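Below is a brisk report on one protein chain. It covers surface, fold and a hairpin.

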Amino acid sequence: MWIISRPLVNKVFAHAQRMLPKECVGVLSGQGREATAWHPLTNIAGDDRSFLANPEEQIRLFRSLREQGREVVAIYHSHPRGPAQPSSLDRELATYPDALLLIVGMQTDGRLEINGFLAHDGRMEQQELTIRD
Ligand SMILES: [Zn+2]
């Protein structure tokens, strides 16, 4: 089970809405499977159907988290026109086996959904998320 506080989820949702029609990308950090801080990154992908975090920004963030003794708990992005399910591209690019792949689905009328996945044996396994108020 993964734990994310409600204020963090709200920040991720707001980031996803602000970036429309593009996808957003960012990181949640904390310890183990509990996320306690939000770190938006810049999506430098040239289209509206994929994401690529600015590599320098990401390296700087990961280094600073390491220095603070924090872990990358989740890497999130949004699907402005799709469900909160991994795309075939997401499956190919899931390169952080220990970090939760969080996806915000925005296709439903006004209601955002969020799901988390872990790459395991070449498959994406949906994880149990607890959103703590
Ligand atoms: Zn995706």
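## Surface and charge

The protein chain exposes about 7,300 Å² (Shrake-Rupley method, 1.4 Å probe, with only the protein chains shown counting as cover for residues). Carbon and sulfur atoms supply 49% of that area. Buried residues (under 20% relative accessible area, 1.4 Å probe, protein chains only) make up 44% of the 133 residues.

The chain has 15 positive side chains (Lys and Arg) and 17 negative ones (Asp and Glu), with His and the chain ends not counted. The centres of the two sets lie 4 Å apart, each charge being placed at NZ of Lys, CZ of Arg, CG of Asp or CD of Glu.

## Basis of the model

This is a predicted model: local features need pLDDT of at least 70, side-chain atom pairs count only at pLDDT 80 or more, and totals for chains, interfaces and linings use all residues. Residues are numbered from 1 along each chain as its sequence is written, and side-chain values use heavy atoms, leaving out hydrogens and water.

## Fold

The protein chain has three helices (DSSP H or I, at least four residues) and eight strands (E, at least two), numbered from the N terminus. Their order from the N terminus is β-α-β-β-α-β-α-β-β-β-β.

Among contacts (heavy atoms within 4.5 Å) between residues at least 6 apart in sequence, 61% join residues at least 24 apart. The C-alpha atoms fill a box of roughly 40 × 30 × 30 Å along the principal axes.

## The β6–β7 hairpin

Strands β6 (residues 113–120) and β7 (residues 123–127) pair in the antiparallel sense over five bridges (pairing needs at least two DSSP bridges). Ala119 stands opposite Met124 in β7. Two residues lie between the strands, and Asp121 takes a positive phi near 50° in this hairpin.

Terms used. Buried means under 20% relative accessible area, exposed over 50%, partly exposed in between (1.4 Å probe, protein chains only).
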